[in-house]
Amino acid sequence: LFYLGKYFFALMIVFIMGSYLYVYHPNIFAQTKMLWLITSIFLIQFLVTILMQDVLHWSYLSIPITLGPMLLSMLLDASIAFFGTIVISLVLGASAGNNFQLALMVFIVGTIALFSVQKIRNRGQMFRAIFFILIGYALVNFSYGFIHYESFRQMLQNFAYYLLPNAILVPTAVFLLIGLFERFFDVTTDITLLELSDLNHPLLKRLSVEAPGTFHHSIIVGNL
C-alpha cells in the first residue's frame, strides 16, 4: 500500500504537468522532442537528489535544487519553469519524508533562480543570478531557523557549508549543461544567438573581404 500510494502520487503529478502543457503550451506538448527535453531535466534533478541523499547520505541542504528550474527557464520559458518548480518542490519534499523546509526552499529559491536567468546575455548577469539565489537561500534558511529556534551559529554553518557552495556551483553547472541540451534537442537560447552575432567568426570575416556589400546587407537584416 505504501508503494501504491507513491505511484499514485507520481501519476497525479505527471498528469497535472501534462495537462498544463496540453492546455497552455500545446505547441510544446505536440513536439515529442520538447517532451523528452522536459523529462530529461526532471530526471537529472531527481537522479542528483537520489545520489545526494540515498547514495552519499549528505544533508538535504546539499541538494542542487535550482538545477531543474534554471534549465527549464533558459531552454523553454519562465511559465513552464515556474510550474516545473512547483512539481519539483512537491516531489523532493515528499521524497525526503515530507520535509517542508526542503519543499519551501525549492519553491522560493527555484522561483528566484528561474526569473534571474531567463534573459542572461553576459557574465555580469550570471553573477547577478548567483547573488539573487544567495539571497533566496539566506531568506529561507534564516526564517526557518528562527521559527524552529535554531542557534545563529547553526544557521550560519548551514549557509556556509551547504547553501553558499550550491548557489555558486549549480549555476556554473547549468551553463555547462546548456550547450549539451541545445545540441541534443535542437533548442536555441539567447547565449547561442549572441555567439552567432559575433562578427569575428571566420566566415563573416571572409564575407566582409570578398563581398562587403553582401556582408553589410546581411548584418543589417540580421539585426532587424
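Met34 is placed in helix H3 of this predicted model. With a relative accessible area of 10%, Met34 is buried, because buried means under 20%. The C-alpha atom of Met34 is separated by 7.3 Å from that of Phe185, although the two residues are 151 residues apart along the chain.

**Overall make-up**

The protein holds eleven helices and zero strands. Read from the N terminus on, its elements run α-α-α-α-α-α-α-α-α-α-α. The C-alpha trace spans about 70 × 40 × 30 Å along its principal axes. The protein has 224 residues, and 40% of them count as buried.

**Helix H6**

Helix H6 covers residues 100-116, which makes 17 residues. From its first C-alpha to its last, H6 reaches 24 Å, close to the 24 Å expected at 1.5 Å a residue. At the N-terminal end of H6, Asn99 acts as a cap. A side-chain oxygen of Asn99 lies 3.1 Å from the backbone nitrogen of Gln101.

Gln101 is also one of the buried residues of H6. Others in that list include Leu102, Ala103, Met105, Val106 and Val109. Further along H6, Gly110, Thr111, Ala113, Leu114 and Ser116 are buried as well.

**Helix packing**

Two helix pairs can be described by their axes, and helix H5 belongs to both. Helix H5 (residues 78-95) packs against H6 at an angle of about 160°, with the axes 8 Å apart. H5 is therefore roughly antiparallel to H6, since angles over 145 degrees count as roughly antiparallel. The crossing of H5 and H6 is right-handed.

H5 also meets H4: the axes of H4 and H5 come within 8 Å and cross at roughly 160°. That makes H4 roughly antiparallel to H5. H4 passes H5 in a right-handed crossing.

**Two loop residues with positive phi**

Two residues other than glycine have a positive phi, as the table shows.

| Residue | Phi | Loop between | Relative accessibility |
|---|---|---|---|
| His57 | near 60° | helix H3 (32-55) and helix H4 (67-75) | 61% |
| Tyr149 | about 55° | helix H7 (123-147) and helix H8 (152-185) | 77% |

His57 is found in the loop that joins H3 to H4. At 61% relative accessibility, His57 counts as exposed, because the cut-off for exposed is over 50%. Tyr149 is found in the loop between H7 and H8. Tyr149 is likewise exposed, with a relative accessible area of 77%.

**A salt bridge in helix H10**

The count of salt bridges comes to one. The side chains of Glu210 and Arg206 meet in a salt bridge, with 3.0 Å from N to O. Why can these two residues of helix H10 be described as about one helical turn apart? Glu210 and Arg206 are four residues apart in H10 (residues 202-210), so about one helical turn separates them. An α-helix has 3.6 residues a turn, so residues three or four places apart point the same way. Both Glu210 and Arg206 are exposed, whereas Met34 in H3 is buried.

Definitions and conventions. Residues are numbered from 1 along each chain as its sequence is written. This is a predicted model: local features need pLDDT of at least 70, side-chain atom pairs count only at pLDDT 80 or more; totals for chains, interfaces and linings use all residues. Side-chain values use heavy atoms; hydrogens and water are left out. Buried means under 20% relative accessible area, exposed over 50%, partly exposed in between (1.4 Å probe, protein chains only). The expected span of a helix is 1.5 Å times one less than its number of residues. A polar contact is a pair of N or O atoms within 3.5 Å; within protein, one must be able to donate a hydrogen and the other to accept it, and residues adjacent in sequence count only if both atoms are side-chain atoms. A salt bridge is a side-chain nitrogen of Lys or Arg within 4 Å of a carboxyl oxygen of Asp or Glu. Axes are lines fitted to C-alpha atoms, for helices over the stretch in contact, and angles run from 0 to 180 degrees between N-to-C directions. Angles under 35 degrees count as roughly parallel, over 145 as roughly antiparallel, 65 to 115 as roughly perpendicular and the rest as oblique. A crossing is left-handed if the near helix is turned anticlockwise from the far one by less than a right angle, and right-handed if clockwise.
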